[in-house]
Structure formats: C-alpha cells, structure tokens
Amino acid sequence: MTSAGRFAPSPSGELHVGNLRTAILAWLFARSTARRFLLRVEDLDRARAGAEAVQLRDLAAIGVTWDGGVVRQAGRGPLYAQAIARLEEAGLTYECFCTRREIQEAPTAPHAPQGAYPGTCRSLDRAELEYKRSTRPAAIRLRSDVAEYTVRDVLHGDFTGVVDDFVLRRNDGVTAYNLAVVVDDAAQGIDQVVRGDDLLPSTPRQAYLASLLNIPVPEYAHVPLVVNHDGARLAKRDGAVTLADLAAAGVSVGEVRDRLLASLGLPAGPLGRALDSFDPVALPREPWVWSAGGAAAR
Ligand SMILES: [Zn+2]
C-alpha cells in the first residue's frame with residue numbers, strides 16, 4: 001500500500017479556522033512528501049446531522065483536496081471488534097465495571113500518574129466478576145504492562161507519556177477513540193499523522209496499542225493550536241470563526257486561506273503554491289492567536 005496522510009474531523013459542527021489550519025498543515029505534510037491524502041469522518045460518537053457535508057464543502061473551498069472516498073468510522077464496527085478480539089485472545093484485556101465517580105474516588109497507587117485508571121477491576125475473581133456482570137454492562141480495558149511509552153514527533157522530538165489500562169470499548173458499546181484511530185490508520189495505510197497538539201498526550205497510548213497489534217507506528221507531527229485572546233483553544237463562541245461566519249462579515253474564503261498560510265510563514269494563494277516553501281522545521285511552535293479584528297483589518 002502506498003503511504004498516506006490524513007485529516008480526520010469529528011462531524012460535531014462546522015470547522016473553525018483552527019481546524020482548517022490543521023487540515024492545511026496535514027495536507028502540506030502529505031503532499032510535500034508525495035503521500036496520498038485521505039479524509040476520515042470520526043463519527044463514532046459526536047455526529048450532528050448535516051455537519052459532515054458542510055465540513056467537506058469548507059475543506060474543498062479552502063483548497064484541501066483528498067484522494068478516494070471519505071471513510072466513516074460508523075461503518076467500521078466489525079474491524080474494531082476484530083482488533084479487540086485479538087487483544088482478548090492474547091490476554092490483554094479485562095472487563096471494567098467502574099463508574100466515572102468510582103474511578104475518581106478510588107485511592108491511587110503512590111506513584112501512579114494523575115488521571116490514570118487505578119486498576120480496580122484488573123484482577124476480579126470469578127464471583128466478583130459474575131456479581132458485577134449482573135449489575136452493569138462492562139467496559140473493556142487494555143491490560144497494559146507498561147506505565148509509559150515514548151513516541152517520536154516531527155515537531156516535539158521524543159515525547160514520553162502515560163500508558164494506563166485505558167478503555168478500548170465503552171460500556172455503552174461504543175469503540176473508544178484510542179482503539180479506532182489505531183485500527184483505522186493501519187487499515188487505510190496511513191503512515192503520517194498530523195493533528196492538533198492537544199492529542200499529543202494520548203499518542204503514547206495509541207503507539208503502544210499499535211505495537212501490541214503488530215501495526216507499524218506512523219510518523220507523528222502534532223501542530224500548535226489556534227487560540228483566542230485569552231490563550232484558550234479557539235471555539236465557536238469566539239465570534240466569526242467559521243467560513244460561513246467570516247463570509248457574512250465580508251471575509252472571502254481566499255482571504256481566510258491566505259491569513260492561515262501567512263500565520264505559517266507561507267506564501268498566499270492556492271495551497272499548491274505553498275508546497276515549495278513548506279518546511280516542517282521552520283513551522284512556528286507556538287499557538288497562533290486568532291483575532292477577529294485582524295480579519296476585519298485585512
Ligand atoms: Zn473498573
């Protein structure tokens with residue numbers, strides 16, 4: 001299979017300029033390395049009717065082109081179940097009956113990292129297991145035998161993060177993101193993952209899981225987010241941040257694209273024109289502050 005990069009939005013609403021900037025970066029990383037570029041809709045959980053069509057339209061409008069059809073996670077349940085079954089057969093999973101509150105209130109081991117699952121259900125005996133099964137549906141957790149794992153990132157270098165007994169399938173039957181993303185990237189031949197750096201902390205979990213499934217770990221590039229004036233991650237409440245909002249304020253798609261390219265130190269115009277000057281090493285490492293005023297003062 002040829003190598004590929006990807007953009008994988010959740011169809012939970014319209015894309016904002018932060019999402020679009022990440023999409024442009026993922027496209028530039030893939031196209032500048034002669035990779036295919038694939039689009040995957042991550043609709044396991046937070047799909048909103050009509051959102052996908054608007055997202056695809058906005059991506060195309062800004063010049064992000066993709067190869068082949070759009071893959072949707074919602075149709076891939078059997079693939080995820082297969083991967084979980086393989087882990088189960090290898091003795092690498094267990095059932096967990098904890099509520100969120102029970103996990104928060106459980107005493108943590110002395111050196112356990114913040115937020116890690118305390119392992120409450122790791123070694124239930126048969127009687128406990130049978131009783132708990134009668135009270136509540138189980139989530140499936142990974143039986144991890146490491147506490148941390150190191151990944152290499154194009155922008156961040158070596159990054160070591162927590163790997164706990166994370167959830168593979170939630171107790172409502174929905175596949176967990178960490179499992180789905182690993183299975184999907186492998187199935188699609190994706191060997192380059194470019195996404196927002198808010199996902200860097202969960203990347204060691206995904207790379208460790210890939211290693212258990214004998215899946216090659218992709219190249220990672222976690223890019224800085226777009227933030228508002230308070231330094232918080234950009235959101236819809238920050239004013240005109242979608243292509244539709246900006247168009248209504250008199251800012252054309254081309255102007256938005258050029259502003260995003262300028263924020264990356266790249267020349268204005270169609271994305272293809274930025275390919276020659278695109279250099280991952282030269283990318284800004286700091287979050288970019290979006291200002292509505294800047295859009296107005298174009
Ligand atoms: Zn548990």
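Which residue in β7 is the bridge partner of T150? The partner is T160, and the hairpin that holds this pair is a good place to start our tour.

## About the model

This is a predicted model, in which local features need pLDDT of at least 70 and side-chain atom pairs count only at pLDDT 80 or more, while totals for chains, interfaces and linings use all residues. Residues are numbered from 1 along each chain as its sequence is written.

## The β6–β7 hairpin

Strands β6 (residues 148–153) and β7 (residues 157–162) run antiparallel and are joined by six bridges. Three residues separate them in the hairpin. Strands here are DSSP runs of E with at least two residues, helices are runs of H or I with at least four, and both are numbered from the N terminus. Two strands count as paired if DSSP finds at least two bridges between them.

## Two open sheets

One open sheet has three strands in the order β1-β2-β3, paired in parallel. Its edges are β1 (4–7) and β3 (71–72), each with a single partner strand, so one side of each has no neighbour in the sheet. Four bridges connect β1 with the parallel strand β2 (residues 36–41), and R36 in β2 is the residue opposite A4.

Another open sheet, also of three strands, follows the order β4-β5-β8 with antiparallel pairing. Here β4 (93–96) and β8 (167–169) take the edge positions with a single partner strand each, so each has one side left without a neighbour in the sheet. From one strand to the next, the twist averages 45° (axes are lines fitted to C-alpha atoms, for helices over the stretch in contact, and angles run from 0 to 180 degrees between N-to-C directions). Two bridges link β5 (residues 139–142) to β8 in the antiparallel sense, with I140 opposite R169 in β8.

## The nonpolar core and helix α1

The largest nonpolar core contains 64 residues, and I24 and L179 have the most contacts inside it. Helix α1 (residues 17–31) supplies the largest share of this core, with 10 residues. Such a core is a set of buried Ala, Val, Leu, Ile, Met, Phe, Trp, Tyr and Cys residues joined through C-beta atoms within 7 Å. Buried means 20 or more other C-beta atoms within 10 Å of a residue's own, exposed means 12 or fewer, and partly exposed lies in between, with C-beta atoms placed from the backbone.

Of the 15 residues of α1, 14 are buried, so the helix is largely enclosed by the rest of the structure. At 1.5 Å a residue its expected span is 21 Å, which agrees with the 21 Å between its end C-alpha atoms (the expected span is 1.5 Å times one less than the number of residues).

## The annotated binding site

The unreviewed UniProt entry lists C96, C98, Y117 and C121 as "binding site". These residues are spread over 26 residues of sequence, yet they cluster in space, with a largest C-alpha distance of 10.4 Å. UniProt positions follow the numbering used here, feature names are shortened, and annotations may be inferred rather than shown by experiment.

C96 lies in strand β4 and is buried, with 23 other C-beta atoms within 10 Å. Beyond its neighbours within four places in sequence, C96 contacts C121, A138, A139 and R141; contact means that the C-beta atoms, placed from the backbone, lie within 7 Å. C121 sits in the loop between α4 (100–105) and α5 (126–135) and is buried too, with 20 other C-beta atoms within 10 Å.

Technical notes
Two residues are in contact if their C-beta atoms, placed from the backbone, lie within 7 Å.
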